[in-house]
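Dear colleague,

I am handing over the structure below, and after it I set out what was found. Please keep it open beside you as you read.

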Amino acid sequence: MSQQQIPLKVTAIRFVRAVRLFLISDVRRRAWFLLVALIALFSGISALNVVNSFVGRHFMTSIAERQTTEFVRQAILYTSAFAVSTIVSVVARFAEERLALLWREYLTRRAVGVYMTGGTFYRLGIQGRLSYPDQRIAEDIKAFTTTTLSFLLMLLSSLLTVFTFSSVLWLISPLLFFTAVIYAACGSFMTILLGRPLIKLNYNQIDCEAGFRSALIRVRENAESIMVERSQQRHAIRLLGQFDELAANFRRIISVNRNVGFFTTGYNWMIQIIPVVLIAPAFMRGDMEFGVITQSAAAFAMLVGAFSFIVAQFSSISNFATVVGRISSFLDAVEEASKATDTGVECIESGGDFRYQNLTLTSPTGDILLKDLTVKLAAGTSLIVVGDGDSASTALYRATAGLGTAGSGRIVMPPGQNLGFVGQRAYCGPGTLRQILSSQEPAAEETDERLLELLRQLGLERPLTLGDLDAEQDWSSLLSSREQRIVALASAIVAAPRYILLEKADAGFGQERLADILNFLAKRGIGCVNFAEPGAPRAGYDAVLEYGRDGSWAWIDQHKHESPGP
């Protein structure tokens, strides 16, 4: 979604809302304290600037009139004023950075909470409406908080400067005051006119940079496959193609910056000349003392700088507009993804057994995969789901896992951690092994020795010690796909569920190891469903759910008799 697709009014409303929520959040006391302190500090800086202008005026006059005693006195005042200004400025910068960090912590925690709740992160991925949500959370929130606070404080500083130095410049020369206002207005208009394309170009540049970096990460993560397939050249061409797109967009940014730079550089140089040209004749006539020239130059520069906020900060403003637009599009996509998609399949949690009621599943093209499935899985029962092809098995697993499979009917399942899932592609990720194994609340006290023994019983051949439980590692890189499935299964068992659902476990664990796992689960009284590949052996299960290509199904009790479906 491009920034141009987001109405300006919506973006502005969200911007104000983000500020308001922060100021009424649970960290509001610290936020308000730092904000009030910043306002007081910036007011002090503005007042000190006025004092410095008068001290500097008398200092330069004492030099011009060769007044040694006055020169020494003004030099001491000048030095003292600068020392106080330095202390206040440093403290203000410290408070600004602390407030920006506090705001970033608050927004990031909210964003991660929304992103990782209710499958929003998954739906964002499959919808494809938002590019690089990870960067929106990591980089854009950081830029939003620091830049917003910086702009608000610069705006406050500009308003204080206008308020304090307007009177100073008016007392020196009303003509100089009006010149400053008109000059700043013309400069702002020309800067906006020349630099407006930067907003769109900066938006595109961030996406280009993220795309190039993401492609490099994918090459690193799949380095072995790329080597085996001898596809280095193809990936190199794709990487360079993405970089060419990045560089081409950046060249356009450089061209616009050049045009803006021609104007703003000349604009800033003229600020130093204009007050001297207007005031010098009065000094030459003897109507003003020499120090007034330096004071008027400083006051004019301060006032024009305050009025020329857009000119001085246009590059930052364009980047800021880009960041606000990207965060707004992120919120749009999150709000859309967080809405429950009505697939027609009702998933409810119940304290009873696991069952499917009148469940019909269809493919994306509308073909019926399973028709009117009604079965009940008693506690401790092992079941294999198998048949012609694997479309129906995959669809049933995805529907049970809440991954948005189209159809109708109802899936009734135990609540919370009473139902565990082990997918075909398990992912352990970074962290400690203890965190992975206890990702859900353990149902009973699990000692370190029992955790390691559980892994060994499930077939993890890698030697592990007690120290490995708390070692911070990227386990997705250290463990093979099969080993990660074993760890995922162990994590599910630690939570003591009533049922565990396995996706293509026969291929993932191997038949011999799977038989041991089924026996292990049976001894613990844990029901098991294996959504298997076509042709998977059926021995060792209590029941078989067999499906056909026309959506028909049959429940086969391995200990009793067959019960055909429709």
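**Aromatic pairs and nonpolar cores**

Phe 354 and Tyr 499 are both buried, where buried means under 20% relative accessible area, with exposed being over 50% and partly exposed in between, for a 1.4 Å probe and protein chains only. Please note that this is a predicted model, in which local features need pLDDT of at least 70 and side-chain atom pairs count only at pLDDT 80 or more, while totals for chains, interfaces and linings use all residues. Residues are numbered from 1 along each chain as its sequence is written, and side-chain values use heavy atoms, leaving out hydrogens and water.

A search of the whole structure finds eight aromatic pairs; rings of Phe, Tyr and Trp (its six-membered ring) pair if their centres lie within 6.5 Å, and planes under 30 degrees apart count as stacked, over 60 as edge-to-face and the rest as tilted. Because their centres are 5.8 Å apart and their planes at 45°, the rings of Phe 22 and Tyr 106 form a tilted pair. Both Phe 22 and Tyr 106 are buried, and ring pairs join these two with Trp 103 and Phe 144 into a cluster. Phe 354 and Tyr 499 also form a tilted pair, with 5.7 Å from centre to centre and 45° between the planes.

The largest nonpolar core (a set of buried Ala, Val, Leu, Ile, Met, Phe, Trp, Tyr and Cys residues joined through side-chain atoms within 4.5 Å) has 40 residues, of which Leu 458, Leu 489 and Ile 500 touch the most other members. A second, separate core of 36 residues includes Phe 144 and Ile 327.

With best wishes
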